[in-house]
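Good morning, and thank you for the opportunity to speak. I would ask everyone to look at the structure for a moment before I begin.

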Amino acid sequence: MRKAKYYIFLSFIFLGCRQENEVPHWPLSSNEMLFPAKEITFDWNPKEKYRAILYSFSQPIELPVCIRNGKLEIDLTQVTGITEGPAELLLLGHRPYYFPLEIKNKKPDHFNTKTFYSPRAFDPDSSLIQQRLFVNIDPYRNLYPFTSTDYFKEINYVVSSKVGTYCPEENNPISCYYVNPGTCTSIPVKINKESDSLLQVEAGPLVDRYNNLIANGTLAQFILTEDNYISIGEVLVQKGYARMQYTKRGGSNRKVIIKIGDRSSKTTALNTVL
């Protein structure tokens, strides 16, 4: 009876060890897989039929499986152009077995360098510095690093202060940006005699600090003071000038100030031109 118990005990130990050996173990030294690859072989011969599914970052991929020389072999030759990143290999049969992976592609023969520009519109009153971000993209849409750790390359450019539209990349409208005019630095005023009864007050040329004509459509206010009354006329700047006509009047003390944004001209007396 004692011998029977002893043999039963040994049988349980044997079955436990056997069950442990029937669990598949990851055959590689690390969980990083480099594609394209040939095959991966598990030192394991399951009794049931097993499927192998690679869950990549973007989609599941069914892999061919066979038993060769008493070992489970997974064919990887048909897996090309995979999206890099975290993945998981699933052995699916009587029991599921999961193996976390890190997928990478071998160095491609070629890749495209993309450039991203920011900002696209410049105001000379603030900054003329543009950030340009460069990335390498392989044929499978993975980012390819410039160095072992740097996937992005950043360069700051000082763009032209001259108003206009610029396209650094020929035939690529996405690369285009434009420089807007800034605000005027001063408001020169000139009074012209249009006729015996009309005067024209002219403000201009109106330029920013880089000598660009300020934008068409900029609002200009002509503030007229006559005795104790104030009237405001508004016109839009066109081609760097703003103009307003006034009738001639004798005997009254009339003065005009032109205001554009936060800039104001000197006070000009209209009675000096009669």
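I shall take the sheet, the empty spaces, a single residue and one further strand in turn. Please keep in mind throughout that this is a predicted model.

Let me begin with the sheet. It is an open sheet of 5 strands in the order E1-E8-E7-E3-E4, and its pairing is mixed. At the edges stand strand E1, residues 32-35, and strand E4, residues 60-63. Each of the two has a single partner strand, so one side of each is left without a neighbour in the sheet. If direction is ignored, neighbouring strands of this sheet are turned by 35° against each other on average. As general background, strands of a sheet pair through backbone hydrogen bonds, either parallel or antiparallel.

Both kinds of pairing can be followed on strand E8. With E1, strand E8 runs parallel, and 4 bridges join the two. Within that pair, Leu34 stands opposite Lys104 in E8. With strand E7, residues 85-92, strand E8 pairs in the antiparallel sense over 7 bridges. Here Glu88 faces Pro100 in E8, and Pro86 has Glu102 as its bridge partner. The connection between E7 and E8 is a hairpin through 4 residues.

Which side chains of E8 are buried, and which are not? The side chains along this strand alternate. Tyr97, Phe99, Leu101, Ile103 and Asn105 point to one face and are buried. Tyr98, Pro100, Glu102 and Lys104 point to the other face and are not buried. Such a pattern has a general background: in a regular strand the side chains alternate between the two faces of the sheet.

I turn now to the empty spaces. Rolling a probe the size of a water molecule over the atoms shows where empty space is left.

The largest pocket has a volume of about 350 Å³. Its lining consists of 19 residues, and those nearest the centre are Glu84, Lys104, Leu143, Pro145 and Tyr151. Two elements give two or more residues to this lining, namely strand E8, residues 97-105, and strand E12, residues 143-144. The largest share, 4 residues, comes from E8. What is the character of the lining of the largest pocket, in terms of nonpolar, polar and charged residues? It divides into 7 nonpolar, 5 polar and 7 charged residues.

There is also 1 cavity of 30 Å³ or more. The largest cavity has a volume of about 30 Å³. Around this cavity we find Met33, Phe35, Leu54, Leu63, Leu76, Leu89 and Leu101. Its lining holds 7 nonpolar residues, with no polar and no charged ones. Leu101, which lines the cavity, belongs to the buried face of E8. Lys104, by contrast, is among the residues nearest the centre of the pocket, and its side chain points to the other face of E8.

Next, a single residue. Leu72 lies in strand E6, residues 71-75. Is Leu72 buried or exposed? Its relative accessibility is 2%, and because the limit for a buried residue is under 20%, Leu72 counts as buried. Leaving aside neighbours within four places in sequence, Leu72 is in contact with Ile40, Thr41, Phe42, Trp44, Pro46, Val65, Cys66, Ile67 and Leu91. One of these deserves a remark: Phe42 is 30 residues from Leu72 in sequence, yet their C-alpha atoms are 5.1 Å apart in space.

Finally, I come to strand E21, residues 254-260. Its covered face carries Arg254, Val256, Ile258 and Ile260, and its uncovered face carries Lys255, Ile257 and Lys259. Strand E18, residues 219-226, runs antiparallel to E21 and is joined to it by 6 bridges. Strand E23, residues 268-269, also pairs with E21 in the antiparallel sense, over 2 bridges. Val256 takes part in both pairings, standing opposite Leu224 and opposite Thr268 in E23.

A further antiparallel partner of E21 is strand E22, residues 263-264, joined by 2 bridges. In this pair, Ile260 has Arg263 in E22 as its bridge partner. The hairpin of E21 and E22 has 2 residues between the strands, and Gly261 takes a positive phi near 65° there.

That concludes my presentation, and I thank you for your attention.

Technical notes:
Residues numbered from 1 in each chain as written. Predicted model: local features only at pLDDT ≥ 70, side-chain atom pairs only at ≥ 80, totals over all residues. Heavy atoms only, no water. Buried < 20%, exposed > 50% of the residue type's maximum accessible area, 1.4 Å probe, protein only. Pairing = 2+ DSSP bridges. 1 Å grid on protein atoms, 1.4 Å probe; cavity = no way out; pocket = protein on both sides within 12 Å on 5 of 7 lines; lining within 4 Å. Points joined across faces, edges and corners; volume = space filled by probe spheres on them. Nonpolar A, V, L, I, M, F, W, Y, C, P; charged D, E, K, R; others polar. Axes fitted to C-alpha atoms, helices over the stretch in contact; angles between N-to-C directions. Contact = heavy atoms within 4.5 Å.
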